[in-house]
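Student: I would like a close look at one part of this model. Please take me through the antiparallel strands and the loop that joins them, and set that part in its context.

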Amino acid sequence: MLQPRVAAPAATATSSTTTAASPTASAASFAGVLGQATAAGAATAAAPVAANGTGAGAKMVALAQAEIGQTEQPPGSNDSPRIAEYRTATAGSGVGPWCNYFVSWAAKQAGAPLGEQGQGFGAVAATWDWAQRTGRAMGPAEKPNPGDLIVWDGRHIGMVESVLPDGRIQTIEGNSSDQVARRTYDSGGGGAVGFVRLG
């Protein structure tokens, strides 16, 4: 059933995050400029359930949920012991913007690694190119499933946690305000270029 496009409400303060999504250190206000991202507390979280309740998507969501709140140490450094662990899923990675390291790590841990050889990707554009080459890319008008990746213009990537009853998309993103954070966007994904289905 089609849902009308619903604009995301203004950002609300929570105990864990109080600002709109901040995709990377180099594009700190990307989601905020879109005016679509909001911090979402646990009270607004919907229980994410994959189509069959199993599979890589459900595993990725569970892994990502356990990482919410992981932060850069020190702030603004693009690093921490945990972020270093995310980098291990990406061949040739180094300290830098880590949103794609985070989804590469979750995908690898769930048994659906990114890349033809499972090498993971550091650059968001490389993930999107791979998705298009291999038939995994979905347009922004398609309804995502939990565990699908959500891509914004080659600059930021996250994971769909759930689609709320009103059509808004709830995500978990690495390197969002220097941490792993839950965000909520309108039904268009806050201007996302599309989704990547891994399973």
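Tutor: Start with confidence. This is a predicted model. Mean pLDDT for the chain is 80, and 73% of the residues reach 70 or more. Residues 1-53 stay under 50 in pLDDT. For that stretch the model has 104 contacts beyond four places in sequence.

Now the overall layout. The chain holds five helices and seven strands. Read from the N terminus, the order is α-β-α-α-α-α-β-β-β-β-β-β. Of its 199 residues, 48% count as buried. Take contacts between residues at least 6 apart in sequence: 59% of them join residues at least 24 apart. The exposed surface comes to about 8500 Å², and carbon and sulfur atoms supply 54% of it.

Next, the part you asked about. Strand 4 covers residues 156-163. Seven of its eight residues are buried, so strand 4 is mostly covered. Strand 4 pairs with strand 3, residues 149-152, in the antiparallel sense. Four bridges make up that pairing. In register terms, Ile150 stands opposite Gly158 of strand 4. The two strands form a hairpin, with three residues between them. Asp153 sits in that turn and has a positive phi of about 45 degrees.

Strand 4 also pairs with strand 5, residues 169-176. Here too the strands run antiparallel, joined by four bridges. Val163 stands opposite Ile169 in strand 5. This second hairpin has five residues between its strands. Gly167 takes a positive phi near 95 degrees there. One general point helps when you look at side chains along a strand. In a regular strand they alternate between the two faces of the sheet.

Stay with the loop between strand 4 and strand 5. Arg168 is found there. Is Arg168 buried or exposed? Its relative accessibility is 19%. The cut-off for buried is under 20%. Arg168 therefore counts as buried. Its side chain makes a polar contact with the side chain of Asp166, at 2.8 Å.

For context, turn to helix 4, residues 99-109. Nine of its eleven residues are buried, so the helix is largely enclosed by the rest of the structure. The buried residues are Cys99, Asn100, Tyr101, Phe102, Val103, Ser104, Trp105, Ala106 and Ala107. As a general guide, an α-helix has 3.6 residues a turn, so residues three or four places apart point the same way. Just after helix 4 comes Gly111, with a positive phi of about 85 degrees.

Follow the chain on into the loop between helix 4 and helix 5, the latter being residues 124-133. Gln119 is found in this loop. Its relative accessible area is 23%, so Gln119 is partly exposed. What does Gln119 touch, leaving out residues up to four places away in sequence? The partners are Ala89, Thr90, Ala91 and Leu114. Look at Ala91 in particular. Gln119 and Ala91 are 28 residues apart in sequence, with their C-alpha atoms 5.4 Å apart in space.

To recap the central part: strand 4 pairs with strand 3 over four bridges, and four bridges also join strand 4 to strand 5. Buried Arg168 lies in the loop between strand 4 and strand 5.

Definitions and conventions:
Residues are numbered from 1 along each chain as its sequence is written. Side-chain values use heavy atoms; hydrogens and water are left out. Buried means under 20% relative accessible area, exposed over 50%, partly exposed in between (1.4 Å probe, protein chains only). A polar contact is a pair of N or O atoms within 3.5 Å; within protein, one must be able to donate a hydrogen and the other to accept it, and residues adjacent in sequence count only if both atoms are side-chain atoms. pLDDT is the predictor's confidence in each residue, from 0 to 100. Contact means heavy atoms within 4.5 Å. Two strands pair if DSSP finds at least two bridges between them. Accessible areas come from the Shrake-Rupley method with a 1.4 Å probe; for residues, only the protein chains shown count as cover.
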